[in-house]
Amino acid sequence: MHRLSWIAAAFTLSMLTDGMAIAQQVTGVLGTPGATTTLDGRQLPPPDPKFGGEITQKASESKEWWAPRVVPPKNAPNVLLIMTDDVGFGAPGTFGGVVPTPAMDRIAKSGVRYTNFHSTSLCSPTRAALITGRNHHVAGFGVVGEIATGFPGYDSVIRKENGTIGAIMKQNGYSTSWFGKNHNTPFYQATQAGPFDQWPNGMGFEYFYGFMGGDASQWQPNLYRNTTAIYPFEGKPGWNLTTAMADEAIQYMKANKEVAPEKPFLVYYVPGGTHAPHHPTPEWIKKIGDMHLFDGGWNKLRETIFANQKRLGIMPAEAKLTPWPKELPQWDALGLEEKKLFIKQADVYGAYLAYTDHEIGRVIQAVEDLGQLDNTLIIYISGDNGASPEGMLNGTPNEFTTFNGVPVPVKDQLLWYPFWGSDRTFPHFAAPWAWAMDTPFKWTKQVASHFGGTAQGVAMSWPGHINDAGGIRRQFHHIIDIAPTILEAAGLSAPDTINGIKQRPMDGVSMAYTWDKANAAAPSKRPTQYFEMLGNRAIYNDGWVAATTPATLPWELSTATPPDVMTGYKWELYNVAEDPTQSNDLAATMPEKLKQLQDVFYAEAKKHDVLPLDNSSLARWNAPKPTLTAGRTVFTYKGTLTGVPNSGAPSILNKSYTITAEVTIPKGGAEGVIVTDGGRFGGYALFLSKGVAGVRSGKPVFLYNLLDLKRTVWAGPELGAGKHTIVFDFKSAGPGLGKGGTGVLLVDGKEVARNSIEHSTPVTFPEDESFDVGQDTRSGVAMLEYRYEPPFKFTGTIDKLTFNIKPEQLKAEELRQAPARAHALARARD
């Protein structure tokens, strides 16, 4: 067969993209081992090509034919997509903040900065929109997964019709990877049992190194390589995920280019900073603390940031600084102890931001060291929503106190002052700092109606393609516009089908038109964008914004019934083309314009799966969801099992329960964890105590850790060799959230300890910890008495471990008060 016939038999030499014929790029001779081809990209994966050789009875008289290797279009760039967490528009120095961010500065100075770019106001919805190019409700993440409901816009499932940027680029010949935070796997699928199609590997990212859920300790994270839990921090004091993740990404890119120099990569790099816990290294805390950036307090900080923003051109000269809210304290009204604590909180936050940016800078430098900087599109998004107010008014040394509705007084927080930011804390700063970090806008994370919740600073660089070094762009854009921008840069089409599933068109538009200096003032190609989160909503349309006034404060727990979601909200109106900070509400003087925009919102809501609107929390929290534990009252284990998230573990919260451990103790005794859930910042453990001076004590201990605020211990005598049955039986004093109760520890049928607790954990154990049998994989629940160092493996044999769980006990009054706790948890967990 003639060579040209081989080509004709296997492929069409042109393809139609948006009605235009684009030549297919083929290198080498089709049928030979070295041949490559691009795809039209409409059907992913493409059908297998027909064999183009010849087959006779004898191999010596036949002709081989190899399918060509699929590659991206010629000169398709590498893509480094970076997004930080909970930063706030005005926090980084690149956008007027006082915290130095030289890595972001580097991208901004070699490319362009976007000052009118927006997110969804919560991180997992923003992330779903980012990787799919669809609005967050369309992507199934109208809210965080913990309060998912059975509606298409709210079920926390990225439907197969919404293929990700990873899936598209992987099928077109890219290496694809994901480093850092993943809060886009439904919580009930985040266990060893899978399924794994909603994990990064199942969503088109060939390599995943990161943590599952809304947050994680940077010292002992719930870390995964692909779908396997790993514990690289064990035995390594000072190990920190922020650095380790940069190391991992650098090695990944290096290996990629050494093995396949011509194969471009997509690296999705999303570190935990600066979401709580704020965990920088001591060196960074000292460095930022010595700069005294926050000594003047949050009111003065806003003024400084706003002046910087005007000086840098981030804000136009006519922009106004929005007023300080009456609901937050003025700095000058605080006492000395309060100021001391709050400055420390901000120093550690600032150190975490600077540290995160520094490690991002190492990744960017690695791209240059590989000789790839000129061929890499770098997109650096500062934050996935506004700064977080979820530390409540005074901040907290343990974020899980917020999740459980427990404020920590300043005088108590000062006990952690010397250790703030270390692995002995899980810290979050006071809410007024969040408002300041969102300068010049109003409101914070969670609030989709105002730019304080949605404005993100963005820098993009691609030498030779973005040709206005240091330029500023004011076109209105949204997180859904990133995926189309990447596809245009790579020369790839959005597919019609992926794995046989017809694809829903992307909602985003490419931002590449803004890259030319000549288009610096070009009209935005995004004329309309809706916003909605937890009942707060807004609509942007041609330079105007209509927005609801938030009915609840994001830093305050309220037991009040939320207003009617349709009629209970006041609306505001802003001409943001002239008033970019939303400082002048025109609703009272322009009711017709407001009504026009409201109509646009509801049309967009109907189109993008936003309906039904819902501002409830308890109803959504308690709504039936798919789960591995629903209806189970008996859980049985043996041997060792580690890394089970709460969604797959027996829950002892707000109920009576019995834990029975049948164990065999070897000669010489045993020690170690039999079962645990949680860790240093809340949880429980049943274990045999660690010996002293080499002698294994082997005392059975049940320890309950109430949010690192109080620990209660039940202990029995040392166990000798042989078989034993250890029982911990707890009778709740409920019904009610967080009620105490009485626990009894029995060994071989004999009571050895009895104790009562006044309160128990009402809502959740730490989500970055796990349920472990036979060892403890992250941090231990004990602090002083019976302290041990993980993994503290059990040195006997667990023959059988059984949990008998009674029904959850809630009374009517608690049901009325629970919405605030559930609402706070659902908002803050992301």
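Modeller: Two strands pair if DSSP finds at least two bridges between them. The structure above is a predicted model, in which local features need pLDDT of at least 70 and side-chain atom pairs count only at pLDDT 80 or more, while totals for chains, interfaces and linings use all residues. Residues are numbered from 1 along each chain as its sequence is written, and side-chain values use heavy atoms, with hydrogens and water left out.

Colleague: How many helices and strands does the protein chain have?

Modeller: Both kinds of element are DSSP runs numbered from the N terminus: helices are H or I with at least four residues, and strands are E with at least two. Counted in this way, the protein chain has 16 helices and 35 strands.

Colleague: Which radius of gyration does the protein chain have, and why does it agree with that of a compact globule?

Modeller: The C-alpha atoms fill a box of roughly 85 × 85 × 50 Å along the principal axes. The radius of gyration is taken over C-alpha atoms, and the globule rule is 2.2 Å times the number of residues to the power 0.38. For 830 residues, the rule gives a value near 28 Å, which agrees with the radius of the protein chain, 28 Å.

Colleague: What percentage of the residues of the protein chain count as buried?

Modeller: A residue is buried under 20% relative accessible area, exposed over 50% and partly exposed in between (1.4 Å probe, protein chains only). Of the 830 residues, the buried share is 61%.

Colleague: What percentage of contacts between residues at least 6 apart in sequence join residues at least 24 apart?

Modeller: Contact means heavy atoms within 4.5 Å. Among the contacts between residues at least 6 apart in sequence, the share that joins residues at least 24 apart is 75%.

Colleague: Which strands stand at the edges of the open sheet that contains β18?

Modeller: Strands of a sheet pair through backbone hydrogen bonds, either parallel or antiparallel. Here three strands form an open sheet with mixed pairing, in the order β5-β18-β19. Two strands have a single partner each, so one side of each lacks a neighbour in the sheet; these edge strands are β5 (43-44) and β19 (501-502).

Colleague: Which residue in β19 is the bridge partner of T497?

Modeller: Strand β18 covers residues 497-498 and runs antiparallel to β19, to which two bridges join it. The bridge partner of T497 in β19 is K502.

Colleague: Which residue in the turn between β32 and β33 has a positive phi?

Modeller: Strands β32 (residues 739-747) and β33 (residues 750-759) are antiparallel and share eight bridges. One facing pair consists of V747 and, in β33, K750. The two strands form a hairpin with two residues between them, and the turn residue with a phi of about 55° is D748.

Colleague: Is F803 buried or exposed?

Modeller: F803 belongs to strand β35 (residues 797-805). Beyond its neighbours within four places in sequence, F803 has contacts that include F635, Y637, I652 and F771. Y657 is 146 residues away from F803 in sequence, yet their C-alpha atoms are 7.1 Å apart. Because its relative accessibility is 0%, F803 counts as buried.

Colleague: Which residue forms a cis peptide bond with L611?

Modeller: One cis peptide bond, with omega of about 10°, joins T439 and P440; P440 lies in the loop between α11 (431-437) and α12 (451-454). Another loop, between α14 (591-607) and α15 (618-622), holds P612. With omega near 5°, the cis bond from L611 leads to P612.

Colleague: What is the relative accessible area of F792?

Modeller: F792 is found in the loop between β34 (771-773) and β35. Its phi is positive, about 40°, although F792 is not a glycine. F792 is buried because its relative accessible area is 6%.

Colleague: Does H292 count as buried or exposed?

Modeller: H292 lies in the loop between α6 (282-289) and α7 (298-312). The residue is not a glycine, and its phi is near 55°, a positive value. Because its relative accessibility is 51%, H292 counts as exposed.

Colleague: What distance separates the C-alpha atoms of I343 and G296?

Modeller: I343 is found in helix α8 and is buried, with a relative accessible area of 16%. Outside its neighbours within four places in sequence, I343 is in contact with F294, D295, W331 and W433. G296 is 47 residues from I343 along the chain, and the distance between their C-alpha atoms is 8.7 Å.
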